[in-house]
Amino acid sequence: AIQCHEEALRIARLLHDKNIEGQVLANLGTVYKHQGLNDAACCSWNDALALLRPGSKPHTEILQKLG
């Protein structure tokens, strides 16, 4: 799952699509969290927060996870 998300992230960056990049980072953070990689999850979620629109559903969900 991590490899698939990393490939999606690479493509989003090639396309300069910050919204998709943020969403992929948010999802990647969740994958990391489920695998017990808490530091990687927090880093991924923080990177996603910088790209996602404040108040959007993904942005709000990340803030809740970082609690």
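The buried residues of helix H3 pack against two other helices, H2 (residues 18-34) and H4, and in this predicted model that packing is a convenient place from which to start. The residues of H3 concerned are Ala41, Ser44, Trp45, Ala48 and Leu49, each of them buried. They lie on the same side of H3, because the arc that they cover around the axis is only 140 degrees. An α-helix has 3.6 residues a turn, so residues three or four places apart point the same way. On the other side of H3, the exposed residues are Asp39, Cys43 and Ala50. The helix has 14 residues, and its first and last C-alpha atoms are 20 Å apart, close to the 20 Å expected at 1.5 Å a residue.

Confidence in the coordinates can be considered at this point. The chain averages a pLDDT of 97, and 100% of the residues score at least 70. Among the elements of the chain, H3 (residues 38-51) has the highest mean pLDDT, at 98, whereas H4 (residues 57-66) has the lowest, at 95.

H3 also brings up the cysteines. The structure holds 0 disulfides. Cys42 takes part in none, and the nearest cysteine sulfur to its own, that of Cys43, lies 7.1 Å away; Cys43 is likewise in no disulfide, with the sulfur of Cys42 as its nearest, at 7.1 Å. A pair of cysteine sulfur atoms has to be within 2.5 Å to count as a disulfide. In terms of accessibility, Cys42 is partly exposed, with a relative accessible area of 32%, whereas Cys43 is exposed, on the side of H3 that is opposite its buried residues.

From H3 the path leads to H2, one of the helices against which the buried residues of H3 pack. The buried residues of H2 are Glu21, Gly22, Val24, Leu25, Ala26, Leu28, Gly29, Val31 and Tyr32, and their packing partners are helix H1 (residues 2-14), H3 and H4. The length of H2 agrees with expectation, because its 17 residues should span 24 Å at 1.5 Å a residue and its end C-alpha atoms are 24 Å apart. At the start of this helix, a side-chain oxygen of Asp17 comes to within 3.2 Å of the backbone nitrogen of Asn19, while just after the helix Gly36 adopts a positive phi of about 80 degrees.

Thr30 offers a closer view of H2, the helix in which this residue is placed. With a relative accessible area of 22%, Thr30 is partly exposed, and when residues up to four places away in sequence are not counted, Thr30 touches Trp45 and Lys65. Of these, Trp45 is one of the buried residues of H3. His59 is 29 residues from Thr30 in sequence, and the two C-alpha atoms are 13 Å apart in space.

In H4, the residue to look at is Pro58, which is partly exposed, with a relative accessible area of 26%. Its C-alpha atom is separated by 8.9 Å from that of Ala48, a residue 10 places away along the chain, and Ala48 is among the buried residues of H3.

The remaining helix in this account is H1, whose buried residues pack against H2. They are Ile2, His5, Leu9 and Ala12, and they lie on the same side of H1, because their arc around the axis is only 85 degrees. The face turned away from that buried side carries Gln3, Cys4 and Leu14, which are exposed. H1 has 13 residues and reaches 18 Å from its first C-alpha to its last, close to the 18 Å expected at 1.5 Å a residue.

H1 is followed by His16, which is found in the loop between H1 and H2. Its phi is near 55 degrees, a positive value in a residue other than glycine, and with a relative accessible area of 66% His16 is exposed. After H2, by comparison, the residue with a positive phi is a glycine, Gly36.

Read together, the contacts place H2 against H1, H3 and H4, while the buried residues of H3 face H2 and H4 and those of H1 pack against H2.

Notes
Residues numbered from 1 in each chain as written. Heavy atoms only, no water. pLDDT = per-residue confidence, 0-100. Helix = DSSP H or I, 4+ residues; strand = E, 2+ residues; numbered from the N terminus. Expected span 1.5 Å × (residues − 1). Buried < 20%, exposed > 50% of the residue type's maximum accessible area, 1.4 Å probe, protein only. Arc of directions from axis to C-beta. Contact = heavy atoms within 4.5 Å. Polar contact = N/O pair within 3.5 Å; in protein donor to acceptor, adjacent residues only side chain to side chain.
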